[in-house]
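Me: I would like to learn how to read the features of a structure. Please take them one at a time.

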Amino acid sequence: MIDTMIDIALMAFLAICAIAIIKTHNLFVIIMLFGIFSLHSAALFVVMDAADVAFTEAAVGTGISTVLMLTTLALTKKHREKKPVHRARLPLLVVLITGSALVYGTYDMPSFGDPCSPAQQHIKPRYIENSVAETGAPNVVTAVLASYRGYDTLGEVTVIFTAGIGVMLLIGGRFNGRNNKENR
Amino acid sequence: MKHDLILRVIAKYLFPVIALFAFYVLFHGEYGPGGGFQAGVILSVAFIFYALVFGMETTEKVLPLKVLRVLASSGVLTYAGTGVATLLMGGNFLDYGLLLSSKAAGQQLGILIIELSVGITVSAVMLIIFYTFANRRRPWEDHHD
């Protein structure tokens, strides 16, 4: 009962945030609303017992990406979104049709936490039963991320590293901003 | 915010707390929620907070961009290097069981190395992105000097 109430409240807050983001044209307010939106998603993940995901969402979505968006905003001159010139009738229609198709698709999905669903039947029992003996890590999520799926995590780290290189190459200038100023 | 006394004092006390929490998340990731990725982000947040209060020049004296670039690449290198090391020891790529004499101990060591290298790369890259954005000159300020 209390879980359902929390779910409904959090979902309502998510919807309110989303509508507020659409309605607002001040970019600073939008960034802050995105942070709040992300914090609510983190809370939803906690309710769904996905503590690791919630932790990542809170640290990355709420924390660092808000800071990075704000530093980006500090670089731009205009802090207000441009008013759209045309009415968004066709995109709205496409979104409505796609959205209702997706909602229709969820009727065929197994219910949340269903032990008979394919996701729970495939390789999960093996991880849950053997991960402590095989890796010595009591947290199954860490065992999967770092050991069983270590190759995927290497890919993720490479993606982050590439993102850093990309930012440096695109707007890094020379070694740092001060060198840049001295050279001009 | 350089002259705000309250912020400066609080920042000095909060910085070690945030950094310590990052290391807790990193080394406790095997037992509780968290791991290298979250720890790296939290550690970079500590430095960003420091930069917001004390300014970019002070922060760059503490942690220069050159050091960050070395750290970012060394994390990825350590990760992939561990995989190559296990290959050379006759196992599969990233098969940590071979790192030590017993398989479970090797796995634990491997996970620790991997989490550490993920944390180093993530925090360094986040700070690199922040430094790059914060140091960039505003285009409309070019006319003034």
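**Reading two chains of helices**

Reply: In chain B, 63% of the contacts with a separation of 6 or more come from residues 24 or more positions apart. Two residues are in contact if their C-beta atoms, placed from the backbone, lie within 7 Å. For chain A, residues 24 or more positions apart account for 39% of such contacts with a separation of 6 or more.

Me: What kind of model is this, and how are its parts labelled?

Reply: This is a predicted model, in which local features need pLDDT of at least 70, side-chain atom pairs count only at pLDDT 80 or more, and totals for chains, interfaces and linings use all residues. Residues are numbered from 1 along each chain as its sequence is written, while chains are lettered from A and ligands numbered from 1 in the order in which they are written.

Me: How many helices and strands are there in chain A, and how many in chain B?

Reply: Helices (H or I, at least four residues) and strands (E, at least two) are DSSP runs, numbered from the N terminus. Chain A has 9 helices and 0 strands. Chain B has 5 helices and 0 strands.

Me: How do I read the radius of gyration of chain A?

Reply: The radius is taken over C-alpha atoms, and the globule rule is 2.2 Å times the number of residues to the power 0.38. For the 184 residues of chain A the rule gives 16 Å, but the radius of gyration is 22 Å, well over that, so chain A is more spread out than a compact globule. Along the principal axes, its C-alpha atoms fill a box of roughly 60 × 45 × 30 Å. Chain B has a radius of gyration of 19 Å, where a compact globule of 145 residues would have one near 15 Å.

Me: What share of each chain is buried?

Reply: A residue is buried if 20 or more other C-beta atoms lie within 10 Å of its own, exposed if 12 or fewer, and partly exposed in between, with C-beta atoms placed from the backbone. Buried residues make up 18% of the 184 residues in chain A. In chain B, 43% of the 145 residues count as buried.

Me: Is A:Ile21 buried, exposed or partly exposed?

Reply: A:Ile21 counts as partly exposed because it has 16 C-beta neighbours inside 10 Å. Its place is in helix H1 (residues 2-23) of chain A. Not counting residues up to four places away in sequence, A:Ile21 touches A:Ile30, A:Leu33 and A:Phe34.

Me: How do I compare the span of H3(A) with what is expected?

Reply: The expected span of a helix is 1.5 Å times one less than its number of residues. The 25 residues of H3(A) should span 36 Å, and the end C-alpha atoms are 35 Å apart, which agrees. H3(A) also has a kink of about 30°, centred on A:Ser65. The bend at a residue is the angle between axes fitted to the seven residues ending there and the seven starting there. Among the buried residues of H3(A) are A:Phe55, A:Ala59 and A:Ile64. The buried residues of H3(A) pack against H2 and H7 of chain A together with H2 and H5 of chain B.

Me: How many residues of each chain are in contact with the other chain?

Reply: 42 residues of chain A are in contact with 49 residues of chain B. On the side of chain A that touches chain B, 22 residues are nonpolar, 17 polar and 3 charged. Here Ala, Val, Leu, Ile, Met, Phe, Trp, Tyr, Cys and Pro count as nonpolar, Asp, Glu, Lys and Arg as charged, and the others, Gly among them, as polar.

Me: Which residues touch the most other members of the largest nonpolar core?

Reply: A nonpolar core is a set of buried Ala, Val, Leu, Ile, Met, Phe, Trp, Tyr and Cys residues joined through C-beta atoms within 7 Å. The largest has 54 residues, and those touching the most other members include B:Val41 and B:Met126. H5(B) gives the most to this core, with 15 residues. Leaving aside neighbours within four places in sequence, B:Val41 is in contact with A:Ala59, A:Val60, A:Gly63, A:Ile64, B:Val122 and B:Met126.

Me: What should I note about phi?

Reply: Most residues other than glycine have a negative phi. A:Asp49 is not a glycine, yet has a positive phi of about 65°. With 9 C-beta neighbours inside 10 Å, A:Asp49 counts as exposed. B:Leu94, also not a glycine, has a positive phi of about 65°, but with 23 C-beta neighbours inside 10 Å it counts as buried.
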